[in-house]
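Opening the notebook on this one. I'll jot down what I looked up, in the order I looked.

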Amino acid sequence: MSSIVSVKNLRKAYAGGFEALKSVNLEIEEGEILALLGPNGAGKTTLISTICGITVPTSGSVTVGGHDTQADFRKARDLIGLVPQEINLEPFETVMNTVSFSRGLFGKPRNDAFVEDILNKLSLGDKKDAKVMMLSGGMKRRVLIAKALSHEPKVLFLDEPTAGVDVELRKDMWDVVADLKASGVTIILTTHYIEEAEAIADRIGVINKGEILLVQDKADLMAQMGKKQLRIELAEPTEDIPKALAGYDLARADDGRSLTYTYDTTGERTGITTLLADLQKAGLQMKDIQTQQSSLEDIFVGLVKETA
């Protein structure tokens, strides 16, 4: 699959010497959903703003659909839809006029049927004649997405699209994103919600202190970096872990009623079979066992700590 966005050695530094982006390299494939994770101040919004041509880079280059965002800004920007973090809409204007106006800004001819189709897909069809100030926060975010899609972009950037949105509406938004992908739109979203990345992304990117730590297929990332835990519930609590089990690096629950064994899913051997045998030899009787896969959040926190 070919790259629709190409970022090469991108750097953004400010007068005081602060580097918001440090030689960032990133290839975004056509038709994928890329989730960009990172703590506050990591450089997520700066990266998006620079790709969209809003922020001027100190050095490096960005191309969108083969068009350089600095040398050929207009053609590059025509391919991009941007949904910002901040809700900044004209409160006294109707939803329909708000979205149609955005379409006109990109030189697109008036097309009420197209705009209404976007509003319907975003569950805003019955609100098209309502004034923006009458909408809930979640609905206003949908209007922002409608505005970003009004000029038929090939690439959509969503900067914290579900911030402040309740869980039910957030899941509705995930469905909207999935539908957009199915229609051929490439989507890049920044998010603080780890479950959002796990639910909808094809690839995960992690950024911290202006540097890309990794960009990897979600499933591969979980398989290569994820750990599994075996939780062993004991028939009787134990006050300590027998010395014979010291080599397994077991974690004992505070009440002594369970032990947790962490193992690598990619290893040739998990060690579970010998552990269970050694548990019996040590006189510990099992009541139940459960396995749990490490979450993307565990992986993310670990990566960020390494660069702290």
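Started with helix 1, and listed its buried residues: K44, T46, L47, I48, S49, T50 and I51. This is a predicted model, so I keep that in mind throughout. Helix 1 covers residues 44-51, and 7 of its 8 residues are buried, so the rest of the structure largely encloses it. Right after helix 1 I found G53, which has a positive phi, near 85°.

**Whole chain**

Next I stepped back to the overall picture. I counted 10 helices and 14 strands in the protein chain. The radius of gyration came out at 24 Å, while a compact globule of 308 residues would be near 19 Å. Along the principal axes, the C-alpha atoms fill a box of roughly 80 × 45 × 40 Å. I then checked burial, and 43% of the 308 residues count as buried. The accessible surface is about 15800 Å², and carbon and sulfur atoms own 48% of that.

I also looked at contact range. Taking contacts with a separation of 6 or more, 70% of them join residues 24 or more positions apart. For charges, I tallied 36 positive and 45 negative side chains. The centres of those two sets sit 3 Å apart.

**Cores**

Which residues touch the most other members of the largest nonpolar core? I got L119, L156, L158, I187 and I204, out of 42 residues in that core. Helix 5, residues 137-149, gives the most to this core, with 6 residues. Apart from it there is another core, of 24 residues, and I noted I51, V62, A76 and L82 among them. I51 had already come up as one of the buried residues of helix 1.

I pulled the contact list for L156, leaving out residues up to four places away in sequence. L156 touches G81, L82 and V83, then A148 and L149, and also L180, V185, T186, I187 and I188. I187 is on the list of residues with the most core partners too, and L82 is a member of the other core.

**Three single residues**

K121: is this one buried or exposed? K121 is exposed, because its relative accessible area is 60% and the cut-off for exposed is over 50%. I placed K121 in helix 4, residues 112-121. I also took a C-alpha to C-alpha distance to R77: 24 Å, with the two positions 44 residues apart in sequence terms.

V132: I found this residue in the loop between helix 4 and helix 5. V132 has 2% relative accessibility, so it counts as buried, the cut-off being under 20%. Beyond its neighbours within four places in sequence, V132 is in contact with L89, E90, P91, E93, T94, T98 and K140. Then I checked V132 against T262, 130 residues apart along the chain, and their C-alpha atoms are separated by 51 Å.

S102: where does this one sit? I located S102 in helix 3, residues 95-105. S102 is buried, with a relative accessible area of 7%. Not counting residues up to four places away in sequence, S102 touches K147 and S150. K147 falls within the residue range of helix 5, 137-149.

Methods: Residues are numbered from 1 along each chain as its sequence is written. Side-chain values use heavy atoms; hydrogens and water are left out. Helices (H or I, at least four residues) and strands (E, at least two) are DSSP runs, numbered from the N terminus. The radius of gyration is taken over C-alpha atoms; the globule rule is 2.2 Å times the number of residues to the power 0.38. Buried means under 20% relative accessible area, exposed over 50%, partly exposed in between (1.4 Å probe, protein chains only). Contact means heavy atoms within 4.5 Å. Accessible areas come from the Shrake-Rupley method with a 1.4 Å probe; for residues, only the protein chains shown count as cover. Lys and Arg count as positive and Asp and Glu as negative; His and the chain ends are not counted. The place of a charge is taken as NZ of Lys, CZ of Arg, CG of Asp or CD of Glu. A nonpolar core is a set of buried Ala, Val, Leu, Ile, Met, Phe, Trp, Tyr and Cys residues joined through side-chain atoms within 4.5 Å.
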